Amino acid sequence: MEFQDIVSLNPAVAATPLDERAKLGAQPAVPLASKEMRTPITGFTFAGLSAELAKMGKEKYRAQQIFFWLYRKRVRSFAEMTNVSKEVRAFLEEHYYIPAPTRVSLQVSREDNAQKHLFRLTDERTIETVLMPIKDRLTQCVSSQVGCAMACGFCNTGDMGLMRNLKTHEIVDQVIEVARNYPAEIVQKFGDRITNIVYMGMGEPLHNLQNVLDSIDILTHPHGFNISHRKITVSTSGLVPQMLELGRRSKVNLAVSLNATTDEVRSEIMPINRRYNLKALLDGCRRYELGPGRRITFEYVLLKGLNDSRSDAQRILTLLSGIPSKVNLIPFNPHPASPFQRPELPEVLAFQKYLLDRDLTTTIRISKGPDILAACGQLRSKEALRSKHAERRARESVQ
Ligand code: SAH
Ligand code: SF4
């Protein structure tokens, strides 16, 4: 199952075969914004923007107007903020700018219309975000870092290492820029806003906690995208202290990548387990401040012959006992150079049935096909690979 490449904004890129595009992406198409002295306005929370305006002697209600234009109308310039006075617009123009990541490519799944957007940031690094229309939900999977430091053995992103954290505005801008380009059929079905956000793209969101929290603040603000906290899920490999902090500071849903039922196997595939082992992780989950009626989602990547046995299913039940939980099984999505294999579908279904029969809500992330799996939670484009090499060259040049 393949994504069909339908749009590339740069005609030179569009006319080039996919394999060649990574090279094209390496050429700066826009001036580097490091020269930009102004501040990206989509990095401010509502409170932050109000404070900025107050500091400059501007009326506080302007923040409400500006949020409306930025997140409801998704304007690209301050000039379009027509109910904001000329004087305030001139002030905004002088101190801030409305950032827009450059879209390098857009691929659409032939199977289900999922859209995979590849964006280039101002420092030439690239990130991906995926829009998934699934039944009555329009879910966007966002990235929180370029690469990831956690080095999980089965994950393509982990293999890249961490290049850097995304800034708050770079997380929010993924949502704005995709919304600016919703195709007509999406708008017709869902209106003009996504219904759900999952922090399951590139990176470990809790390794960039403050920026992730600020981005959530912006996306949930009633004057912003106004997405309910209940519709946002942050997924973690298990950074326990940060996970508990997330629980204290936000009401979003938590997903934990369990992925193994013994410390031996988990440490082998997820190095973070050597710092926070299963006991520490699950004790943390027991202490996590869950709202009434809420449950923690445990993601479980099924790896053939490694963590997919009947004993594993039994141990999941024991490990999760006492935690309001549901399980999301993700049959491993193979990628080049990976030593792991995906179990056959009947084994996946049997694993699910075992848990379901024992009253543990268990879903399988499979129906939407491998192309979505490849897109969400395990991102590593050719461009990302390229930026890994660019990163190395940049490091070498300053040594
Ligand atoms: N870093 C966070 C969020 C991004 S990964 C985390 O690890 O939770 C999102 C999900 O994709 C995780 O549950 C991860 O275990 C899963 N994943 C990563 N690579 C995968 C692969 N090749 N096949 C199936 N699932 C994968
Ligand atoms: Fe990072 Fe998550 Fe991939 Fe692990 S699974 S390397 S934490 S993105």
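How many residues lie between β5 and β6 in the hairpin that they form, and which residue in the turn has a positive phi? In this predicted model, the β5 and β6 hairpin has five residues between its strands, and the residue of the turn with a positive phi, about 80°, is Glu124. The pairing of the two strands, β5 comprising residues 115-120, is antiparallel and rests on six bridges, with Lys116 placed opposite Val130 of β6. Strand β6 itself spans residues 126-134 and is mostly covered, since eight of its nine residues are buried.

On the C-terminal side of β6, a further hairpin is formed with β7, in this case with two residues between the strands. Strand β7 covers residues 137-141, and its pairing with β6 is again in the antiparallel sense, over five bridges. Among the residue pairs of this ladder, Leu131 has Gln140 of β7 as its bridge partner, while Ile134 is matched with Arg137 of β7. Lys135, in the turn of this hairpin, has a positive phi of about 50°, and this value occurs although Lys135 is not a glycine. Such a value can be set against the general tendency, in which most residues other than glycine have a negative phi. Lys135 belongs to the loop between β6 and β7, and Lys135 counts as exposed because its C-beta neighbours inside 10 Å number 5, where 12 or fewer is the criterion.

Strand β7 also pairs with strand β10, which consists of residues 196-199; here the two strands run parallel and are joined by three bridges. Within this pairing, Cys141 stands opposite Val198 of β10. Asn196 provides a link from this region to a residue remote in sequence: its C-alpha atom is separated by 8.4 Å from that of Ser228, although the two residues are 32 apart along the chain. Ser228 is located in the loop between α8 (209-220) and β11 (232-236), and Ser228 is classed as exposed because 11 C-beta neighbours are found inside 10 Å.

The turn between β5 and β6 can likewise be related to an element that comes before it in the sequence. The C-alpha atoms of Glu124 and Thr102 are 9.6 Å apart, with a separation of 22 residues along the chain. Thr102 is assigned to strand β4, which spans residues 102-109. With 18 other C-beta atoms within 10 Å, Thr102 is partly exposed, because this count lies between the limit of 12 or fewer for exposed residues and that of 20 or more for buried ones.

The surroundings of ligand 2 were examined next. The residues around ligand 2 are Cys148, Met150, Ala151, Cys152, Cys155, Thr157, Gly158, Gly203, Glu204, Ser237 and Ser257. When this shell is divided by class, five residues are nonpolar, five are polar and one is charged. Ala151, one of the residues of the shell, is placed in the loop between β8 (145-147) and β9 (162-165). The backbone of Ala151 has a phi near 55°, which is a positive value in a residue other than glycine. Ala151 counts as partly exposed, because 17 C-beta neighbours lie inside 10 Å of it.

Among the helices, α3 (residues 46-55) and α4 (residues 61-72) pack with their axes 8 Å apart and at an angle of about 130°. Because this angle falls neither in the range of 65 to 115 degrees, taken as roughly perpendicular, nor over 145, taken as roughly antiparallel, α3 and α4 are oblique to each other. The handedness of the crossing of α3 and α4 is right-handed.

A last contact in space concerns Arg358 and Leu317, whose C-alpha atoms are separated by 8.2 Å while the residues are 41 apart along the chain. Arg358 is found in the loop between α13 (345-357) and β15 (362-364). The count of C-beta neighbours inside 10 Å is 12 for Arg358, which therefore counts as exposed, given that the class includes residues with 12 or fewer.

Note on methods
Residues are numbered from 1 along each chain as its sequence is written. Chains are lettered from A and ligands numbered from 1 in the order in which they are written. This is a predicted model: local features need pLDDT of at least 70, side-chain atom pairs count only at pLDDT 80 or more; totals for chains, interfaces and linings use all residues. Helices (H or I, at least four residues) and strands (E, at least two) are DSSP runs, numbered from the N terminus. Two strands pair if DSSP finds at least two bridges between them. A residue is near a molecule or strand if its C-beta atom, placed from the backbone, lies within 6 Å of it. Ala, Val, Leu, Ile, Met, Phe, Trp, Tyr, Cys and Pro count as nonpolar, Asp, Glu, Lys and Arg as charged, and the others, Gly among them, as polar. Axes are lines fitted to C-alpha atoms, for helices over the stretch in contact, and angles run from 0 to 180 degrees between N-to-C directions. Angles under 35 degrees count as roughly parallel, over 145 as roughly antiparallel, 65 to 115 as roughly perpendicular and the rest as oblique. A crossing is left-handed if the near helix is turned anticlockwise from the far one by less than a right angle, and right-handed if clockwise.
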